[in-house]
Amino acid sequence: MKASKMLIATLKEAPNEAKIASHILLLRAGMLKNEVAGVYNYLPMGLRVLSKIENIIREEMDAAGSIEILCSALQPKELWVESGRWGKYGPELMRLKDRHEREFCLGPTHEEVFTSMARDLIKSSKQLPMSLYQIQTKYRDEFRPRFGLMRSREFIMKDAYSFDKDEKGLEASYQNMYDTYTRIFTRCGLKFQPVLADTGNIGGNGSHQFMALSDVGESDIAYCDACGYAADVEKATSKLDGYKGKYVGEVEKIHTPNHATIEELVEFLGCEAKDLTKTLIYHDFMNEKFVVAVIRADRDINEIKLINACNSNENYMRMATDEEIESLGLVKGYCGLVNYKGDVEVYVDEEVSVMDGFVVGANERDYHLKNVKFGRDFTGTVCDLRKTVAGDICPICGKPLKINRGIEVGQIFKLQTKYSEPMKCTYVDENGKNVPMVMGCYGIGVTRTLQAIVEQYHDEFGIKWPLNVAPYHAVIVPINYADPDMKACADKLYEELKKNHVEVVLDDRDAKPGFKFKDWELIGIPYIITVGRGAKDNIVEFKTRMEMVKTEISFDEAVANVLNGVKNI
Ligand code: ATP
Ligand code: MG
C-alpha cells in the first residue's frame with residue numbers, strides 16, 4: 001500500500017473525552033472515530049487490526065470444532081419472554097417497537113436466539129455435542145459508556161454456545177473453550193489471567209473470566225501466588241480470620257451521642273472497627289422485599305454476593321432510601337436488629353456469625369448496644385457477604401491473597417439447562433424421553449480486546465502492536481522519495497516484501513521524514529525501515545517499534561529480518 005493513497009487519520013491531540021492511554025492513542029492514531037458516546041466507527045487501520053483479531057478467534061474456534069453462523073442483532077421480545085429475561089434484564093437492554101407496535105430488542109447477548117436455533121435445527125441426538133459461534137455486533141445501553149471500546153454501547157462480541165447431552169459433555173465442552181480462549185489471548189499478545197467468576201445476568205453455575213492485566217481495568221482480581229487461586233473479587237472468597245471480638249457478656253445499651261459513623265465510634269469507644277458491625281438496608285424490587293445485611297464494620301459489602309444470596313438481580317436491588325428505612329421502623333445511623341420485629345429478610349456475614357460479641361446500633365438515636373451475639377440476640381441467614389481485600393486468607397491454601405486489576409476480555413459459563421429447559425430445547429435420549437440439552441456459553445469482547453492490547457502495548461510515542469495483530473507488518477520510509485537512489489531502493493524493498501506476502505506500506509508522501517516517523521510510531525507498525533543516504537550502497541536503517549532499537553543493516557538483511565518475524569505469525 002502506498003501511503004499517499006491511504007486514509008491516514010492521525011491527530012496531534014486526542015479529543016477531551018479520552019481519559020486513558022489506549023483510548024487516546026486509538027483516536028490519535030486514526031483507528032477510530034467517535035460520533036456519540038459509546039458508539040465508534042472503525043477507520044482503515046483500526047479495521048485491519050479488528051479483522052486480524054477476528055481471524056485469530058475464527059481460526060481457533062474452527063480448530064476447536066465450533067461452527068460459525070451469523071445472527072441478526074434484532075431479536076423478538078417473545079424469545080426473551082420464553083427465557084424469562086424480558087422482565088429481568090433491566091435498562092441495559094435496548095428495546096424498540098416496529099410500526100406495528102411489535103416489541104424487539106437489540107441483542108446484548110444471544111442465549112435465547114441460539115437456544116431457539118438448536119431447538120429448531122438439531123434433529124437428532126447423534127448431532128450432539130454441537131457448538132455454534134458468531135462474531136457479531138452487540139448493543140447494551142450502558143449506564144456510563146466510557147474508555148472508548150472498553151465500555152461502549154455498541155461493540156463486537158464473539159459469542160459461542162455449546163449443546164451437550166449431559167453434564168459430563170458440558171465439562172468437556174467448557175474445558176475445550178477454556179483452552180481455546182487461552183490460545184486466542186496468547187496469540188493476541190495479551191498478558192492475561194483466567195479467574196473464577198460470578199455468573200451475573202447470564203445465570204447458570206460455574207464461570208471463568210479472562211482478565212487482561214492492567215491498572216485501568218474495571219475488575220479487581222484476588223489471587224494467591226502460593227497456590228494459583230484467582231477469582232474476580234465479586235466471586236472471591238476467603239477463610240475466616242476467626243476474630244471473636246472483645247465485647248462479650250450481657251447486652252448493654254450505651255450512650256453514643258452524635259457518633260453515628262464507624263470512625264467516630266472507634267474513637268469514642270477506643271476499639272477497632274472489627275469490634276463493630278454495620279447493618280445495611282436494601283430494597284429488592286425483584287422480590288418486592290427489604291433485605292438487611294450485617295457485616296463487620298472493617299469490611300465493605302460485596303453487593304453481588306448479597307444479590308445472589310437473596311436471589312435478586314443487580315438491576316433490581318439498591319440501598320433503601322432514608323424514607324424507606326424510617327418506614328421499616330429502623331433508625332438511620334443507628335440501625336440494629338436486636339428486638340426488631342419488622343418484615344425484612346436478614347443475611348449475616350460468616351465473620352459476624354462466629355463472633356462472641358460486638359457493638360451494633362440500638363435502633364434508637366444516639367444509642368448503640370454492646371455485647372451483642374448473633375444467634376442469641378438476633379438471627380438471619382449466614383453467608384459470605386464481604387468484599388475480598390488484599391491480605392485476606394486464601395480459601396485454598398491459607399496464604400495471604402493479593403489484588404490485581406484486570407480488563408475482562410472474555411467470560412465462559414456453564415449454563416446447564418437454564419435456557420434449554422424453559423425454552424424446551426430438548427433431544428430424545430436412549431429411553432425415548434425428551435431431555436433438555438445441557439448448555440454452555442462463551443463470550444469474547446472483540447473490540448474490548450483490541451483496546452486492551454493497546455493498553456498493554458504503548459509508550460510515549462504511540463501504539464506498539466504485536467506483529468500478530470498489527471495493521472501492517474512493515475513500513476518503508478524514504479527520507480526523500482524524489483532522490484533517485486532512495487526511490488529505487490525503497491521501491492525495490494517494497495516489491496520484495498510484497499512478493500513475500502508481507503503487509504507493507506511505502507510512505508511515498510511528500511512530507512518531512514520527522515512527520516512520517518511520528519505517524520508510524522503513533523500507529524505502531526512493528527518494523528520501520530528508513531531508506532536514506534545509504535541507499536546507493538544498499539544500506540537501510542531498521543527499527544523495531546516494540547523495542548525502539550535502530551540498526552544499520554543491508555537491504556537483504558532487512559528483508560530477512562521481516563520475513564523471519566512474519567513467518568512465526
Ligand atoms: P462487564 O462486566 O464488563 O459489563 P459483562 O460481564 O456484562 O461485562 P459478558 O456478558 O460476559 O459481559 O460479555 C462477554 C464479553 O463482552 C465481556 O467479557 C467483555 O469483554 C465484552 N463486553 C461486555 N460489555 C461490553 C461493553 N459495554 N463494551 C465492550 N465490550 C463489552
Ligand atoms: Mg462478563
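The magnesium ion (ligand 2) has two protein donors, Glu408 (OE) and Gln411 (OE1), at 1.9 to 2.2 Å from it. Donors are N, O and S atoms within 2.8 Å of the metal (3.2 Å for Na, K and Ca); water is not among the atoms, so sites may look incomplete. The model is predicted: local features need pLDDT of at least 70 and side-chain atom pairs pLDDT 80 or more, while totals for chains, interfaces and linings use all residues. Residues are numbered from 1 along each chain as its sequence is written, chains are lettered from A and ligands numbered from 1 in the order in which they are written, and side-chain values use heavy atoms, without hydrogens and water.

The two donors can also be described by their accessibility. Glu408 is partly exposed, with a relative accessible area of 23%, whereas Gln411, at 10%, counts as buried. Buried means under 20% relative accessible area, exposed over 50%, and partly exposed in between (1.4 Å probe, protein chains only).

Glu408 also belongs to the surroundings of ligand 1, where Arg140, Glu142, Arg151, Ser152 and Glu408 come nearest among 14 residues; a residue is near a molecule if one of its heavy atoms lies within 4 Å of it. By class, this shell has five nonpolar, four polar and five charged residues. Here Ala, Val, Leu, Ile, Met, Phe, Trp, Tyr, Cys and Pro count as nonpolar, Asp, Glu, Lys and Arg as charged, and the others, Gly among them, as polar. Strand E21 (402-416) gives the largest share of the shell, four residues. Strands (E, at least two residues) and helices (H or I, at least four) are DSSP runs, numbered from the N terminus.

Several polar contacts, pairs of N or O atoms within 3.5 Å, involve ligand 1. An N or O atom in the side chain of Glu408 is 2.6 Å from an oxygen atom of ligand 1, and a polar side-chain atom of Glu142 lies 2.7 Å from a nitrogen atom of ligand 1. A polar backbone atom of Gly445 is 3.3 Å from a ligand oxygen atom.

Elsewhere, two asparagines have a positive phi. Asn339, with phi near 65°, is in the loop between helix H8 (322-327) and strand E17 (345-349) and is exposed, with a relative accessible area of 65%. Asn363, with phi of about 60°, is found in strand E18 (residues 358-364) and counts as buried at 18%.

Methods
A polar contact is a pair of N or O atoms within 3.5 Å; within protein, one must be able to donate a hydrogen and the other to accept it, and residues adjacent in sequence count only if both atoms are side-chain atoms.
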